[in-house]
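Here is a short, friendly briefing to read alongside your viewer. Have the backbone and side chains ready to display.

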Amino acid sequence: MAHAFIKILLLLTIFATHKSDAQFEDWCIADEQTPDDELQRAMVWACENGADCREIEANQACFEPNTIKDHASFAFNSYFQRMKDKGATCYFNSAAFVTDLDPSHGSCKFEIHG
């Protein structure tokens, strides 16, 4: 009886700590306290080194709002999602951080790679 109780307790522990795939999703976004000139430099670097920045060009889904912070967030996340399996981080010289809140808005969908 005690052995069965331990098995049940173990299973409950496993199920209680198991998260769905959606709960492991994370995005990389710009830190709003970072000055625009630093965000701009980091965004250019991200776009030149693996991020897909086409969606933040004029007349594209993520162009609006047309701010450095919003464009940098999109670029940082694109780079992070595409390169994290190769060891990339969401650092960008302290200009970004990881969040579990989806920054997508309207027709602008931020990439997510599990």
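The notes below cover the strands, the core and the unusual backbone spots.

This is a predicted model, in which local features need pLDDT of at least 70, side-chain atom pairs count only at pLDDT 80 or more, and totals for chains, interfaces and linings use all residues. Numbering starts from 1 along each chain as its sequence is written, and side-chain values use heavy atoms, leaving out hydrogens and water.

**Strands**
- Helices (H or I, at least four residues) and strands (E, at least two) are DSSP runs, numbered from the N terminus.
- In strand S1 (residues 27–30), Trp 27 and Ile 29 point one way while Cys 28 and Ala 30 point the other, and all are buried (under 20% relative accessible area, with a 1.4 Å probe and protein chains only; exposed is over 50%, partly exposed in between).
- S1 pairs with strand S2 (residues 96–99) in the antiparallel sense over four bridges; pairing takes at least two DSSP bridges.
- Ile 29 stands opposite Phe 97 in S2.

**Core**
- The largest nonpolar core (buried Ala, Val, Leu, Ile, Met, Phe, Trp, Tyr and Cys joined through side-chain atoms within 4.5 Å) has 24 residues, and Cys 28, Ala 46, Ile 56, Phe 76 and Phe 92 touch the most other members.
- S1, helix H2 (36–48) and helix H3 (68–83) each give two or more residues to this core, and H3 gives the most, with six.

**Backbone**
- Glu 64 and Pro 65 are joined by a cis peptide bond, with omega about -5°; Pro 65 lies in the loop between H2 and H3.
- Asn 59 has a positive phi near 70° and is exposed, at 77% relative accessible area.
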